[in-house]
Amino acid sequence: MSQPEPAEPPVDDASAPAAEPGAANRPVYDRGDTVCVVGAGASGLAAVKNLREHGFDVDCYERETGIGGAWNWRHDRSPVYASTHLISSRPLTQYPDFPMPDSWPDYPHHSQLLSYLERYADHFGLRQHIWFGTEVVRAVPVDGGRWEVTTRSTGGYGPERTQRYAAVVVANGHNWAPKQPTYEGLEDFRGTVIHASAYKDPAQLRGKRVLVVGAGNTGCDLAVEAAQSATACWHSTRRGYWYAPKYVFGRPADQVNDAVLALRLPLRARQWLFHRTLRLTVGDLTRFGLPAPDHRVYETHPIANSQLVYHVGHGRITPVGDVVRFHRDGVELPGGVEIEPDLVIFATGYLPRFEFLAPDVLELDAAGRPSLYLNAFPRHHPTLAVAGLLQPDSGLFTLVHWQTVAIARVLRLRETAPQRAAAFRTRVVAGADQRWNRAKLKESTRHWFEVSHTDYLRAVQRTLDELELAPR
């Protein structure tokens, strides 16, 4: 990619991540009004595309050697495994201005998602704006709302370099830093223990007695894989959940749910309707030994899996409660029950990480959760935004498209209508911790970024109307 050679950095903010020795003597290369985007996954690509369409020059830094983020399973941080498919259907996942082929299945395979993102990047000419194999190690706010962004080759090779940008959009994903649970005796357990992020292929399960811990979509998928490949499978969950089939009345379940949402029924009416539908299609799962849910539908992230109940009903998956403790040769479950798995897989989710930002920039709380309006705009830095920090009840791409359009408009209004931009900042400060979901969600890291896609899109539409740009 042909670009001016950036110079190498000083860092003058003591609260930022630690600088490389000798960095204070290096010049900073000024990129003028260019916007820096961190990450070239689905959210980063949407950010680059929409910023370019709003007239910005963009430098995007991607630590891997290709695009795709989580959907490129060759990447070190990808949580994708061989059998991964979408859990949201194709029409509710695609970018609104770049539809997936009609010939594709309702729930495309991860390899199709990667090819889709590659075609998206090529169609909109995004690759020329991406620096591959380059990671951001620091992003420090400086005078005038600008940012000094320090980069280096992925893996720490070569010198650090710093460039000054007009704004930064963070799109580094939130499904790559494993959330590791702690249990008494775990360090003494002689079996193999991995996080789901290290699982790639059923060959890892063959001939083993497997315990899967966690009832999210990944945990359910891995329990199903173990049912087909392992000699025994236990599935440990802390509470009961609502297991929705991927198809209801012959249609993808999320499309049926979307049709119900379009009726604008009250939440309680929708919950009753969904409960009734699940009772008719799935039945009472307590007779299989699964615990009854301790919450209503929509109060936890939806689990879409048509095969878990099938394999439980065939005795290939044994539901068990939460792990009590580990022993040298086994695992203790509630009631003093002992099992002896060879392999334990923690499907316990991920935590967001912003290692290149000082914690106060996004106002991270003690657990690491940021404070953001629309899950995108921080209170105190109007030239910083986060893209894709969403956990919707549908696909992500549509939401992140409109979210990044809003980000681009906010940044453009700072130049063309600063008073309107300042008025928007008042809304950001007042509503940074607002949630975009009418249901009372369970308090857990899994639901930090949970949004109802209809509620969220309506809020973004109101923002876009407020930020409508005057014709040039």
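In this predicted model, helix 1 (residues 42-53) packs against helix 2 (residues 110-123) at an angle of about 15 degrees, and their axes lie 11 Å apart. Angles under 35 degrees count as roughly parallel, and helix 1 and helix 2 are therefore roughly parallel to each other. Their crossing is left-handed. On the side of helix 1 the contact is made by A42, L45, A46 and K49, and on the side of helix 2 by L117, Y120 and A121. Of the residues in this contact, six are nonpolar, none is polar and one is charged.

A second helix pair is found further along the chain. Helix 7 covers residues 397-416 and helix 8 covers residues 418-430. Their axes come within 6 Å and cross at roughly 135 degrees. Helix 7 and helix 8 are therefore oblique to each other. Helix 7 contributes V410, L413, R414, E415 and T416, which meet P418, R420, A421 and F424 of helix 8. The residues of this contact divide into five nonpolar, one polar and three charged.

Both pairs have been described in the same terms: two packed helices are described by the angle between their axes and the distance between the axes.

Next comes the sheet. Five strands form an open sheet in the order 4-3-2-8-23, and the pairing is parallel. Strand 4 (130-132) and strand 23 (384-386) are the edge strands, each pairing on one side only. From one strand to the next, the twist averages 20 degrees.

Within this sheet, strand 2 (residues 35-38) and strand 8 (residues 167-170) run parallel and are joined by four bridges. One residue pair can be picked out here: V35 has A167 in strand 8 as its bridge partner.

How do the helices described above relate to the sheet? Helix 1 lies across strand 2, strand 3 (58-62), strand 4 and strand 8. The direction of helix 1 is at about 165 degrees to strand 2. Helix 7 also packs on the sheet, where it touches strand 2, strand 8 and strand 23. Between the directions of helix 7 and strand 23 the angle is about 175 degrees.

Taken together, strand 2 and strand 8 are touched by helix 7, and helix 1 lies across them as well. Helix 1 also packs with helix 2, while the axis of helix 7 comes within 6 Å of that of helix 8.

Note on methods:
Residues numbered from 1 in each chain as written. Predicted model: local features only at pLDDT ≥ 70, side-chain atom pairs only at ≥ 80, totals over all residues. Heavy atoms only, no water. Axes fitted to C-alpha atoms, helices over the stretch in contact; angles between N-to-C directions. Helix = DSSP H or I, 4+ residues; strand = E, 2+ residues; numbered from the N terminus. Parallel < 35°, antiparallel > 145°, perpendicular 65-115°, else oblique. Left-handed = near helix turned anticlockwise from the far one by under 90°. Contact = heavy atoms within 4.5 Å. Nonpolar A, V, L, I, M, F, W, Y, C, P; charged D, E, K, R; others polar. Pairing = 2+ DSSP bridges.
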